[in-house]
Amino acid sequence: MRTVSIPGDWPTTEAQARTIQDELRSRVVLDEPGPAPGTGHVTGVDVAYDDERDLVAAAAVVLDAATLEVVEEATAVGRVSFPYVPGLLAFREIPTVLAALDSLRADPGTVVCDGYGRAHPRRFGLASHLGVLTGLPSIGVAKNPFTFSYEEPGTPRGSFSPLVEGDEEVGRALRTQDGVKPVFVSVGHRVSLDNACAHTLRLTPRYRLPESTRRADALCRRALREATVRGLPE
């Protein structure tokens, strides 16, 4: 497990963070379809927090996109790098997530975040932020619709409806299992929305949430438990 320090130039105020968001958002690529679902690798990333100890642990789990078998996994732990501010949550975890991704030897392929990409008040959630910083295709698959509206999709697996703000479609509510609550898919970087939904369905053969997210969630929680026991070096 890698231990991460907060970068010296990391933003410390909301104004600084929003300025960075505005600059990086202009680099998001929305006109590429992205890798074909079921090919190459798919990497799930997730984080777990211990707010009392000011710790965050990140995990990156590389799966074979065809078989969903684990190819490689990596973890990193560090101090929480930004206060809790809705819309700026990526700044709390990106240094640790990047460290986990950087520890991988395998090609990550498409990165799947437990969160949002374009489905974000400033159209630049964690999936977009990570995609721009790494250059990797990325998507967000979230458990709830955040502040956006949607009509309930049809009952069968694969049904979807637009996730909208006003007239703008920012993602989709996607049913990954028959009759089960949908997930909320949005483009991060270098992947089309159709392709992001297709990836999500390939990653959910048995459960509501993607296998990439399920495995990364379990791994980052384990890494956090280990970090709370041994502590971080000063």
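Is D114 buried, partly exposed or exposed? In this predicted model, D114 is partly exposed, because its relative accessible area of 21% is not under the 20% that defines a buried residue. The surroundings of this residue are described below, after an outline of the chain.

The chain contains five helices and ten strands. Its radius of gyration is 17 Å, close to the 17 Å that the globule rule gives for 234 residues, so the chain is as compact as a globular protein of that length. The C-alpha trace spans about 50 × 40 × 30 Å along its principal axes. Of the 234 residues, 53% count as buried. Contacts that link distant parts of the sequence were also counted: among those between residues at least 6 apart, 67% join residues at least 24 apart. About 10400 Å² of the chain is exposed, and carbon and sulfur atoms supply 48% of this area.

The annotated positions are considered next. An unreviewed UniProt entry lists D46 and D114 under "binding site". The two positions are spread over 69 residues of sequence, yet they cluster in space, with a largest C-alpha distance of 6.0 Å. Both D46 and D114 belong to the lining of the largest pocket.

D46 is part of strand β2, which covers residues 41-50. D46 counts as buried because its relative accessible area is 8%, under the 20% cut-off. Beyond residues up to four places away in sequence, D46 touches A57, A58, A59, D114, T213, A216, D217 and C220. D114, by contrast in its setting, is found in a loop, the one between β5 (110-113) and α3 (126-134). With residues up to four places away again left out, D114 touches V45, D46, V141, K143 and T213. The two annotated residues are therefore in contact with each other. T213 appears in the contact list of D46 and in that of D114. One of the contacts of D114 is polar: its side chain pairs with the side chain of K143 at 2.7 Å.

Helix α4 was examined through its buried residues. In this helix L193, N195, A196, C197, H199 and T200 are buried. The buried residues of α4 pack against five named strands, namely β2, β5, β6, β9 and β10. Strand β2 is also where D46 is found.

T200 gives a detailed view of this packing. T200 lies in α4, which runs over residues 193-202. Its relative accessibility is 0%, so T200 counts as buried. The side chain of T200 reaches back to the backbone oxygen of A196, at 2.8 Å. Apart from neighbours within four places in sequence, T200 is in contact with I139, V141, L174, T176, V183, V185 and P210. V141 is among the residues touched by D114 as well.

A further buried position is V170, in strand β9 (residues 168-174). V170 counts as buried because its relative accessibility is 5%. Its contacts, not counting residues up to four places away in sequence, are with R118, A119, R123, F148, L163 and S186. The C-alpha atom of V170 is separated by 8.0 Å from that of H120, although the two residues are 50 apart along the chain. Strand β9 is one of the strands against which the buried residues of α4 pack.

Two loop residues were noted for their backbone geometry. Most residues other than glycine have a negative phi. F146, which is not a glycine, has a positive phi near 60°. F146 is located in the loop between β6 (138-142) and β7 (149-150). F146 is partly exposed, as its relative accessible area is 33%. R190 likewise has a positive phi, of about 60°, although this residue is not a glycine. The loop that holds R190 connects β10 (183-189) with α4. R190 is also partly exposed, with a relative accessible area of 28%.

Conventions
Residues are numbered from 1 along each chain as its sequence is written. This is a predicted model: local features need pLDDT of at least 70, side-chain atom pairs count only at pLDDT 80 or more; totals for chains, interfaces and linings use all residues. Side-chain values use heavy atoms; hydrogens and water are left out. UniProt positions are given in the numbering used here, feature names are shortened, and annotations may be inferred rather than shown by experiment. On a 1 Å grid over the protein atoms alone, a cavity is a set of points where a 1.4 Å probe fits but cannot get out, and a pocket is an open set with protein on both sides within 12 Å along at least five of seven lines; lining residues have an atom within 4 Å of a point. Helices (H or I, at least four residues) and strands (E, at least two) are DSSP runs, numbered from the N terminus. Buried means under 20% relative accessible area, exposed over 50%, partly exposed in between (1.4 Å probe, protein chains only). Contact means heavy atoms within 4.5 Å. A polar contact is a pair of N or O atoms within 3.5 Å; within protein, one must be able to donate a hydrogen and the other to accept it, and residues adjacent in sequence count only if both atoms are side-chain atoms. The radius of gyration is taken over C-alpha atoms; the globule rule is 2.2 Å times the number of residues to the power 0.38. Accessible areas come from the Shrake-Rupley method with a 1.4 Å probe; for residues, only the protein chains shown count as cover.
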